[in-house]
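Thanks for coming. I will go through one structure today, starting from a single residue and working outwards. Please have the sequence and the model open.

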Amino acid sequence: GYSGNRLHQARVYPESIGHDKDGPLTCFPEKEGVILKPQKLNPVKDEELTIRYTYTVLFQKNNLHTWSTRWDYILDSVPHTSIQWFSILNGIVIVLFLSGMLAMILMRTLHKDLARYNQESAEYVQEEVGWKLVHGDVFRPPSYGMLLTVFLGSGSQIAMMAMVTIFFAGLGFLSPANRGALMTTSLVLFVFLGTPAGFISARIYKLFGGEKWKSNMLFTAFLVPGISFGCFFFLDIILWAEGSSSAVPFTTLLALLFMWFGISVPLTFVGSYFGFKRRVIENPVRTNQIPRQIPEQAIYTRAPTAILMGGILPFGCIFIQCYFIFSSIWYEI
């Protein structure tokens, strides 16, 4: 391996120095025994003003730093220590709040049934009461089973891509010195993880009793990647129109299309094929043929309220982390 010295840190210190005409042209005049003041830019009328631009390079050997820790001084210079602690505290508070709310829901739901089981006779306990009445409906196929299975397959693909990328980044394989390595790794992993997406989507769709297996296969391969590529292409067109240097070249877009249609789509078809060939998953309980009538719900248990609560609470856990994500993108750290 390489046995010489490596340049792992560079610092620039700009300074104004009023050099004398006959003095040394150095950025460190105190080493020459001369003390100079900053240069003034208010010369006398009709007097020639000369500005000298000089630089001095100093190399300092430091055996305490290693090549793997060369980025530490940049990360340490970012003032995020207090915010990081606030982020951890915020996450703990949100988790405790969610756990307490879930415990309250379970207590309110099960308290009456448990009390009745302790007071009534054994014959009455054998009857299905309270929350046990829904056991014949919980495995009923949903209204939009096709869309649910497609998003489930694509979501599992993204989740596996994220876990593998974080694993390799934690081991140090994705160095910040190599720009674009993280995005390239994520795209390649997403493309080659099309088989699990198709397999999971097909298995769940077959569990729901779906028969349009070809549509499920096509939607899994094209819906989520198509929406993502469409948004990316639209933003890239705006960058082209503005003449931005960060616009993705057309050849790169062609390479992405080739990876999508040439690798991801066939792998998704293979996964869907094996998913539909497997035997259907058996539910632990039998589903009633006639759906149980659902009574009119209170306003706080309806879909809009559930959607708001289901979105606000997770956002409360991650909105502090968005600061670090956007700071990294803005400062290119």
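Is alanine 197 buried or exposed? Alanine 197 is buried, with a relative accessible area of 1%. Bear in mind that this is a predicted model, so every value I quote is computed from predicted coordinates.

Alanine 197 sits in helix H6. Leaving out residues up to four places away in sequence, alanine 197 touches Gly153, Ser154, Ser156, Gln157 and Thr220. There is also a long-range approach to note: alanine 197 and glycine 271 are 74 residues apart in sequence, yet their C-alpha atoms are 7.0 Å apart in space.

A second buried position is serine 264, in helix H8. The relative accessible area of serine 264 is 4%, and it is therefore buried. Its contacts, leaving aside neighbours within four places in sequence, are Gln157, Val191, Gly194 and Met259. Gln157 appears in the contact list of alanine 197 and again in that of serine 264.

Now the overall picture. How many helices and how many strands are there in the protein? There are ten helices and zero strands, so from the N terminus on the elements run α-α-α-α-α-α-α-α-α-α. The protein has 333 residues, and 20% of them count as buried. Taking contacts between residues at least 6 apart in sequence, 71% join residues at least 24 apart.

Next, helix H7. H7 has 30 residues and spans 44 Å from its first C-alpha to its last, close to the 44 Å expected at 1.5 Å a residue. Even so, H7 bends by about 35° at phenylalanine 219. Just after H7, glycine 243 takes a positive phi of about 70°.

Which residues of H7 are buried? They are Asn216, Met217, Thr220, Ala221, Val224, Pro225, Phe229 and Asp236. For the spacing in that list, recall that an α-helix has 3.6 residues a turn, so residues three or four places apart point the same way. The buried residues of H7 pack against helix H4 (145-170), helix H5 (181-192), helix H6 (194-207) and H8. Thr220, one of the buried residues of H7, is the one we met as a contact of alanine 197.

That brings me to the nonpolar cores. The largest has six residues in all: Ala221, Phe229, Val248, Leu253, Trp260 and Val265. H7 and H8 each supply at least two residues of this core, and H8 gives the most, with three. A second, separate core has five residues, including Met146, Val150, Ala202 and Phe276.

Back in the largest core, which includes leucine 253, what is that residue in contact with? Leaving aside neighbours within four places in sequence, leucine 253 is in contact with Phe229, Phe232, Phe233, Asp236, Trp240 and Val248. Of these, Phe229 and Val248 belong to the core as well.

Several of these names are aromatic, and that is the next topic. A pair of aromatic rings is described by the distance of the centres and the angle of the planes. The structure holds eleven aromatic pairs. In one of them, the rings of phenylalanine 167 and phenylalanine 168 have their centres 5.6 Å apart and their planes at 75°, so the pair is edge-to-face. Phenylalanine 168 is partly exposed, at a relative accessible area of 33%.

Tryptophan 213 and phenylalanine 276 form another edge-to-face pair, 6.2 Å centre to centre with 65° between the planes. Why does this pair tie together separate parts of the sequence? Tryptophan 213 lies in helix H7 (residues 213-242) and phenylalanine 276 in helix H8 (residues 250-277), so the pair links parts that are 63 residues apart in sequence. Tryptophan 213 is partly exposed, with a relative accessible area of 40%, whereas phenylalanine 276 counts as buried at 18%.

There is also an aromatic cluster, formed by Phe222, Phe229, Phe233, Trp240, Trp260 and Phe261. Phe229 and Trp260 of that cluster are also in the largest nonpolar core.

Last, charged pairs. Side chains of opposite charge can pair when their charged atoms come close. The structure holds one salt bridge. Glutamate 282 forms it with arginine 279, and the closest N and O atoms are 4.0 Å apart. Both glutamate 282 and arginine 279 are exposed.

That is the tour. I will take questions now.

Notes
Residues numbered from 1 in each chain as written. Predicted model: local features only at pLDDT ≥ 70, side-chain atom pairs only at ≥ 80, totals over all residues. Heavy atoms only, no water. Phe/Tyr/Trp six-rings, centres within 6.5 Å; stacked < 30°, edge-to-face > 60°. Buried < 20%, exposed > 50% of the residue type's maximum accessible area, 1.4 Å probe, protein only. Helix = DSSP H or I, 4+ residues; strand = E, 2+ residues; numbered from the N terminus. Core = buried A, V, L, I, M, F, W, Y, C linked by side-chain atoms within 4.5 Å. Contact = heavy atoms within 4.5 Å. Expected span 1.5 Å × (residues − 1). Bend = angle between axes of the 7 residues up to and from the residue. Salt bridge = Lys/Arg side-chain N within 4 Å of Asp/Glu carboxyl O.
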